[in-house]
Amino acid sequence: MPCMSSLAHILSGVVAAAFEAEGLSTAFGVVRVSDRPDLAQFQCNGALAAAKSAGKNPREVAQAIVVRLKENQDFSRIEIAGPGFINLDITDETLSRYLSETAGDGRWGVPTIISGETIVLDYGGPNIAKPMHVGHLRASIIGDSLRRICLFAGYRTLGDVHLGDWGLPMGQILAELETRYPEWPYFDDAYRGPYPAESPVTMDDLEEIYPAASQACKLDEGRMERARLATRDLQNGRAGYRALWEHFINVSVAGMQANFRALGVHFDLWKGEASVHELIAPMIEDLREKGLARESDGALVVEVGEESDKKEFPPLILTKRDGAVMYGTTDLATIVERVRDYNPFRIIYVVDQRQFLHFEQVFRAARLGGIVSNPETLVHAGFGTMNGPDGKPFKTRVGGVMKLEDLITGGIDKALARLNEAELAADMDEKERQEVARKVAVAALKFADLQNNRLSDYIFDLDRMTSFEGKTGPYLLYQAVRIQSLLRKADLPEGGNSALRDPQKAGISLSSADRPLALLLAEFPDHFDAALRNYTPHILCDYAFRLAQEFSSFYGNCHILSEKNNDVRAGRLALCELTLGRLLLVLDLLGIEIPARM
RNA sequence: GACCCCGUAGCUCAAUGGAUAGAGCACCUGCCUUCUAAGCAGGGGGUUGCAGGUUCGAGUCCUGCCGGGGUCGCCA
């Protein structure tokens, strides 16, 4: 029977009952890991707040609670400190029992949400015809991590790449190609035969053509006008444009998939803005009938302002003056589609925080139009901008953006160099060495990004992102690999460690050298819960690092395999297994793969 | 101009309103003939931008100011 929560949560229940018995709210009973480990393992600060609401002396309230808690055998020490903090230590038996009971089912104390609700996650958002650059890193890996976190919590998850494949850039490229190659059959309205199966452009071509087209439109209003018309004609189904556009999609998606494969980022759906094109007309019709869509300066808009707005809120534009739709329109139609197909509990958008206003417009329109009934369905989990060392949005020295592919291969090269220095790599074949280097490099990249608070901007520093020492992904891998190696040498009996398998008999014997690690292991459900509730993978990064660090300290201070006392040896091996299990899980939740050796 | 976010160690970042604000990098001192040194043990480094306020208690909440970034209808 697995424990369904963290130790602190279980202790909260005990202390809350004491508060209730004193006629006080159970909310005061919250117990958390002490922020003063030198004073206690756990603390409850509720007596202070309770005293205030009851008009009593805090220490007297605390004293009454302590008297009741003394009856509980799980506590080894209960003390009042300062103005009324209740400091708590638990017995080693209680700690050991908790760790044993939460081992073995792979959940480490995290309860499963059994509702089976669906969460759609929208992340990545790469654009057709543009190479993926470092800016796509954040959306991809934060989104993929959140998908893994939701999945582990028990939700059904659908990660959607949501390609940028339907807007003005498509028209700009079409117009540019039509200017350069007017003889192509794609531009001949009289052409009736099948269009070529082979793409006339490669990804390299597109990488040159798109910036050229974009620049031309910026400088020349005539070119921009033709790009707008091409966009509209594409959206209206002009056959030659559609055929050429499909080639763009195919060559672009092939490039993206290579990048995502290297990163280990997974998507369940490869839809894009164009996927919902057929839903737009009926959706607009419906919004018209409801009186929500109206003409404004030639455009069709939905007013989304609210009474409480501090400043005027711009309307959502459904169709522009020229009749073409905007990305807000496709985003709204995508909600229509997702609700229809998946009836999601949540739709989480992992998109740059600078698009806050856009999503607020779309979300308000969706609520007004009755597209979603629960306002909490739609969530924008925004992230901060990736800046250069100068504090401005990141650019390479030559002024362009760094391609994601170059970032990854650069990291792999550095990892290979590090591997070659170490003697361990000598007996690896070329393929294994490459794969280990890729895992190390990707771990470095992902951890360097994910450890930052999702919402705050952060400085992109190439050297730091491909650093393997200190608070880095490779450090975590290294600790996990060391534990794996140690456990292989431990020659454990079939079915695992007796200290875990038979907790009633042996238990995990603890000492001052390993107790901090044991306590930290018991914290896992709290950190998972915080990461899930707030959509913040960095919480798990921090926990994983602390766990690895605590283990490394333990490993350095205690020689495990040569331990003479069988109970102590078994207990320490059990802690190794428990640490490895959590480390592997947390790394998996972060989307980080572990090599067998490094 | 209006609105939103940010300001924490030399640098990059943490810290559900709680006790003595923590890590990593960089710098300094030790430790590889015992389980992987991508490591461990230890050290120096802070008026949390400034000024008020609320609170038993503020890096955290409120007000003002200074500094930085972002957004503000026909791009995505």
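In this predicted model, a base oxygen of RNA strand B sits 3.4 Å from an N or O atom in the side chain of Lys-311. The backbone of the RNA gets its share of attention too. A phosphate oxygen of RNA strand B is 2.9 Å from an N or O atom in the side chain of Ser-553, and Gln-549 places a polar side-chain atom 3.2 Å from a phosphate oxygen of the strand. Several elements give two or more residues to the surface near RNA strand B: α2 (46–54), β4 (85–90), α6 (168–180), β8 (299–302), α13 (404–421), β13 (458–459), α16 and α20. Of these, α16 supplies the largest share, with 8 residues.

Zooming out a little, 68 residues surround RNA strand B. The closest are Arg-36, Gln-43, Tyr-478, Val-481 and Tyr-555. Sorted by class, the surface near the strand is a mix of 29 nonpolar, 18 polar and 21 charged residues. What about the RNA's own side of the meeting? Of the atoms of RNA strand B within 4 Å of the protein, 58% belong to sugar or phosphate, and the rest belong to bases.

Now for the protein as a whole. Chain A has 21 helices and 13 strands, and its C-alpha trace spans about 90 × 70 × 45 Å along the principal axes. Of its 598 residues, 53% count as buried. Looking at contacts in chain A with a separation of 6 or more, 73% join residues that are 24 or more positions apart. The domain assignment splits out domain 1 (7–90), domain 2 (168–259) and domain 3 (404–590). Between the centres of domain 2 and domain 3, taken over C-alpha atoms, there are 48 Å.

Helix α20 (residues 537–557) is worth a closer look, starting with its length. Its 21 residues, at 1.5 Å a residue, should span 30 Å, and the end C-alpha atoms are indeed 30 Å apart, so the two values agree. Plenty of α20 is tucked away: the buried residues are Pro-537, His-538, Leu-540, Cys-541, Tyr-543, Ala-544, Phe-545, Leu-547, Ala-548, Phe-551, Ser-552 and Phe-554. And what covers them? The cover includes α5 (135–153), α14 (430–450), α16 (473–490), α18 (515–521), α19 (524–534) and α21 (566–590). Helix α16 thus turns up twice, since it is part of that cover and also gives 8 residues to the surface near RNA strand B.

Two single residues help to show what being buried looks like. The first example, His-247, is found in helix α9 (residues 239–263). Is His-247 buried or exposed? With a relative accessible area of 8%, His-247 falls under the 20% cut-off, so it counts as buried. Leaving aside neighbours within four places in sequence, His-247 is in contact with Tyr-186, Pro-196, Ala-197, Glu-198, Ser-199 and Pro-200.

The other example, Gly-591, lies in the segment after α21. Its relative accessible area is 6%, so Gly-591 is buried as well. Which residues does Gly-591 touch, leaving aside its neighbours within four places in sequence? Those in contact with Gly-591 are Arg-148 and Lys-446. There is also Ala-443, which is 148 residues away from Gly-591 in sequence, yet the two C-alpha atoms are 8.4 Å apart in space.

Technical notes
Residues numbered from 1 in each chain as written. Chains lettered and ligands numbered in written order. Predicted model: local features only at pLDDT ≥ 70, side-chain atom pairs only at ≥ 80, totals over all residues. Heavy atoms only, no water. Domains from an automatic or database assignment. Helix = DSSP H or I, 4+ residues; strand = E, 2+ residues; numbered from the N terminus. Expected span 1.5 Å × (residues − 1). Buried < 20%, exposed > 50% of the residue type's maximum accessible area, 1.4 Å probe, protein only. Contact = heavy atoms within 4.5 Å. Near = heavy atom within 4 Å. Polar contact = N/O pair within 3.5 Å; in protein donor to acceptor, adjacent residues only side chain to side chain. Nonpolar A, V, L, I, M, F, W, Y, C, P; charged D, E, K, R; others polar.
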